[in-house]
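Student: I've got a model open and want to talk through how it's put together. Can we start with the strands and then go inside?

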Amino acid sequence: MNKTLSVSAIQNGTVIDHIPSGQALRIINLLRLLDKKCRVTVGINLSSQRLKEGKDLIKIENYTLSSAEANKITVFAPEATINVIKNFEVTEKIITQLPESIEGAFSCPNIACITRMEPVESFFKLEEQGNGVKLVCHYCEKIFDRNQVQVKI
Ligand code: CTP
Ligand code: ZN
């Protein structure tokens with residue numbers, strides 16, 4: 001079978017693969033990739049054998065994610081595979097774990113939340129539940145899923 005890549009192979013950098021369809025832009029904002037000035041290529045709604053509903057994919061050239069950055073990805077893509085590429089070869093697959101909490105990155109969807117009125121950083125605890133990750137606002141204690149919170153940009 002002729003296997004072609006929808007997004008070209010890279011020489012050095014990081015490939016975040018098997019992102020559930022629709023989550024790539026959230027991850028780009030969460031990792032602040034637009035500020036890093038490195039070359040980023042993104043595939044959205046690509047076909048995947050593993051993810052029947054399709055996948056997104058992000059390739060970041062000449063950049064290695066810190067483990068804190070890699071762990072943040074699990075909020076939106078627990079099943080993502082994160083590959084370190086050196087000289088066109090996959091040299092490492094980064095193992096991630098859900099962080100306990102994330103400060104400052106999201107805005108609370110609850111318009112009555114104190115974080116929406118006062119200049120305080122948002123603070124969400126993360127909990128893994130059977131049907132996905134839940135984000136619990138430390139201030140208003142409301143619980144949200146990954147598609148409800150907005151990543152601050
Ligand atoms: N990749 C890339 N540039 C390279 C090497 C690999 O962009 N020079 C990408 C591949 O296209 C793939 C990911 O990195 O999206 C992982 O590569 P590889 O481990 O070879 O893929 P798989 O065998 O499909 O591994 P897995 O099922 O763990 O994703
Ligand atoms: Zn809140």
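Student: Which residue in β8 does Ser101 stand opposite?

Tutor: Keep in mind that this is a predicted model. Strand β6 covers residues 101–103, and 3 bridges join it to β8. The two run antiparallel. Across from Ser101, in β8, you'll find Lys125.

Student: And on to β9: which residue there is the bridge partner of Glu127?

Tutor: β8 and β9 run antiparallel, with 6 bridges joining them. They form a hairpin with 2 residues between the strands. Glu127 has its bridge partner in β9, and that's Lys134.

Student: Okay, inside now. Which element gives the most to the largest nonpolar core?

Tutor: That core has 33 residues, and Ile16, Ile27, Ile58, Ile73 and Phe106 touch the most other members. Elements giving two or more residues include β1 (13–20), β3 (55–61), β8 (123–129) and β9 (132–137). The top contributor, with 4 residues, is α1.

Student: Where does this core lie relative to domain 1 and domain 2?

Tutor: Look at who contributes. Domain 1 spans 13–94 and domain 2 spans 101–151. Both give residues to the core, so it lies between them.

Student: Ile58 was on your list. Which residues does Ile58 touch, leaving out those up to four places away in sequence?

Tutor: Ile58 is one of the core residues that touch the most other members. Skipping residues up to four places away, its contacts are Thr14, Val15, Ile16, Ile19, Ala24, Ile27, Ile28, Leu33, Val40 and Thr41.

Notes. Residues numbered from 1 in each chain as written. Chains lettered and ligands numbered in written order. Predicted model: local features only at pLDDT ≥ 70, side-chain atom pairs only at ≥ 80, totals over all residues. Heavy atoms only, no water. Core = buried A, V, L, I, M, F, W, Y, C linked by side-chain atoms within 4.5 Å. Buried < 20%, exposed > 50% of the residue type's maximum accessible area, 1.4 Å probe, protein only. Domains from an automatic or database assignment. Contact = heavy atoms within 4.5 Å. Pairing = 2+ DSSP bridges.
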